[in-house]
Amino acid sequence: MKLVIMEPLGVDKEKLLAMAEEALKGSVEIVYYDTKTTDTEELIERGKDADIIINANNPLNAEVIRGCENLKYLDVAFTGIDHIAMDACRERNITVSNCAGYSTAAVADLVFGMLISLYRNIPECDHATRNEGTLAGLIGCELEGKTFGVVGTGAIGTRVAKIAQAFGCEVIAYSRTEKDLEGIRYVSLDELMRESDIISLHVPSNAGTKNMISAEKIALMKKTAVLINLARGPVLDSQALADALNQDRIAGACIDVFETEPPIARTHPLITAKHTLLTPHVAFASKEAMVKRAVIAFENVAQYLKGTPQNVM
C-alpha cells in the first residue's frame, strides 16, 4: 500500500519520516514531496498511484480526486476541508479525515497577539521609536472591561473565550451549538454584533456561513469595535469590511484569512483599508502546531489501516 505526502507539513523531512515510521511501522510505502504545487496535472501525477494521500491546505479539486485512481483514504492535515472536492470523494467512496485540534493554541495565541498589537499600536510604536519619535498619538486601549464577542464556540472559540476572560473581558457568544461555558452568555448574532467591543470569528467555511458577516451585520457594530477573522475568508464580506474601516464606521480589524490563499492581490480591498492588521494565513503555523499536526495525521493513517478510521468528515 502506498502513502503519498503531497506537500511539506512544516516539519523537517528527516524528523517527519521518523515520525511516520514510528506510527506506521513500515506498513506502507511512503513517498514525500517537499514542494507545493497547485498545478492539477502535477497533483494527479503525484497522487495517481497512491492508496492514501496526506494533504494539508493545498486545494484538491474534483479532477485531481478523480485522477488519483487508486485513492481510498484522504488524510487532510488541516482543520477545514472546504479546499477538498468532497462531492468527488463521496462519489468514489473515499474516506476523508481531518486533523482538528492541532492548531487550537496557535490560533488563539495569534488572536490576542494581533488584537494587542492593534489596541496598543505596536507596529506604529516600533516605527516611531526607530525614527526618533515619541508616544504622541499612540495612546492605546486595554482589554480589561471590554465586551468580547466570540462567533463559534468550537475548540478554538472556547479557548479564545477563556483567554478573554483572563484578560478581564465580559464574554458573550453566538454559536450553532451552545455549550455550558462558565461566565459566557449566549446571544443572537445581531445582539453580539451590537454589544461587542471586540468580535472574533471561529466558524468553518460552508454554505451556511458564507458571508455570515455581511455589510448588514457590520453596520450593527459599535464605532469603537474591532473585528478579528482568523477562521476562514469566505465567512466575511471583505469589501463591506474595508468600506466600514475606510469610512471610520468601526475602529479596526485583524485579518489572517481571505477568499483565496496568499499571496493576496494588491487590489484586494483590505490591503489598503485603514486601521487593519493583515497576516498571510499564518495563525495555525507554529512550530509546535506543525508537530501536533503530523502526529494526528499519522495516527489517522494508522487507525485507517486498522479498520477504525478516526476524525472522519
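In this predicted model, Asn121 adopts a positive phi of about 55 degrees just after helix α5. The helix that precedes this residue, α5, spans residues 104-119. Its 16 residues reach 23 Å from the first C-alpha to the last, close to the 22 Å expected at 1.5 Å a residue. Helix α5 is also mostly covered, with 12 of its 16 residues buried. Among them are Thr104 and the run Ala105, Ala106, Val107 and Ala108; further along the helix, Val111, Phe112, Met114 and Leu115 are buried as well, and so are Ser117, Leu118 and Tyr119.

Attention turns next to the nonpolar cores. The largest of these has 50 residues, and Ile54, Leu74 and Phe298 are the ones that touch the most other members. At least two residues of this core come from each of β1 (2-5), α1, α2 (40-47), β3 (52-55), α3 (62-67), β4 (73-76), α4 (86-91) and α11. Helix α11 makes the largest contribution, supplying 9 residues. Another core, of 30 residues, lies apart from this one and includes Ile172, Ile213, Met221 and Ile250.

What does Ile54 touch, leaving aside residues up to four places away in sequence? Its partners include Leu3, Val4, Ile5, Met6 and Leu9, together with Asp75 and Ala77. Ala297, Phe298 and Val301 complete the set.

Phe298, one of the partners of Ile54, is found in helix α11. Is Phe298 buried or exposed? It counts as buried because its relative accessibility is 1%. Not counting residues up to four places away in sequence, Phe298 touches Leu16, Met19, Ala20, Ala23 and Leu24, as well as Ile5, Ile54 and Asp75. Leu24 and Phe298 are 274 residues apart along the chain, yet their C-alpha atoms are separated by 7.2 Å.

Leu24 and Phe298 also belong to the contact between helices α1 and α11. Two packed helices are described by the angle between their axes and the distance between the axes. For α1 (residues 13-24) and α11 (residues 287-305), the angle is about 30 degrees and the axes are 9 Å apart. The crossing of α1 past α11 is right-handed. On the α1 side, the contact is made by Lys15, Leu16, Met19, Ala20, Ala23 and Leu24; on the α11 side, by Val291, Ala294, Val295, Phe298, Val301, Ala302 and Leu305. By class, this contact has 12 nonpolar residues, 1 charged residue and no polar ones.

Conventions: Residues are numbered from 1 along each chain as its sequence is written. This is a predicted model: local features need pLDDT of at least 70, side-chain atom pairs count only at pLDDT 80 or more; totals for chains, interfaces and linings use all residues. Side-chain values use heavy atoms; hydrogens and water are left out. Axes are lines fitted to C-alpha atoms, for helices over the stretch in contact, and angles run from 0 to 180 degrees between N-to-C directions. Helices (H or I, at least four residues) and strands (E, at least two) are DSSP runs, numbered from the N terminus. A crossing is left-handed if the near helix is turned anticlockwise from the far one by less than a right angle, and right-handed if clockwise. Contact means heavy atoms within 4.5 Å. Ala, Val, Leu, Ile, Met, Phe, Trp, Tyr, Cys and Pro count as nonpolar, Asp, Glu, Lys and Arg as charged, and the others, Gly among them, as polar. The expected span of a helix is 1.5 Å times one less than its number of residues. Buried means under 20% relative accessible area, exposed over 50%, partly exposed in between (1.4 Å probe, protein chains only). A nonpolar core is a set of buried Ala, Val, Leu, Ile, Met, Phe, Trp, Tyr and Cys residues joined through side-chain atoms within 4.5 Å.
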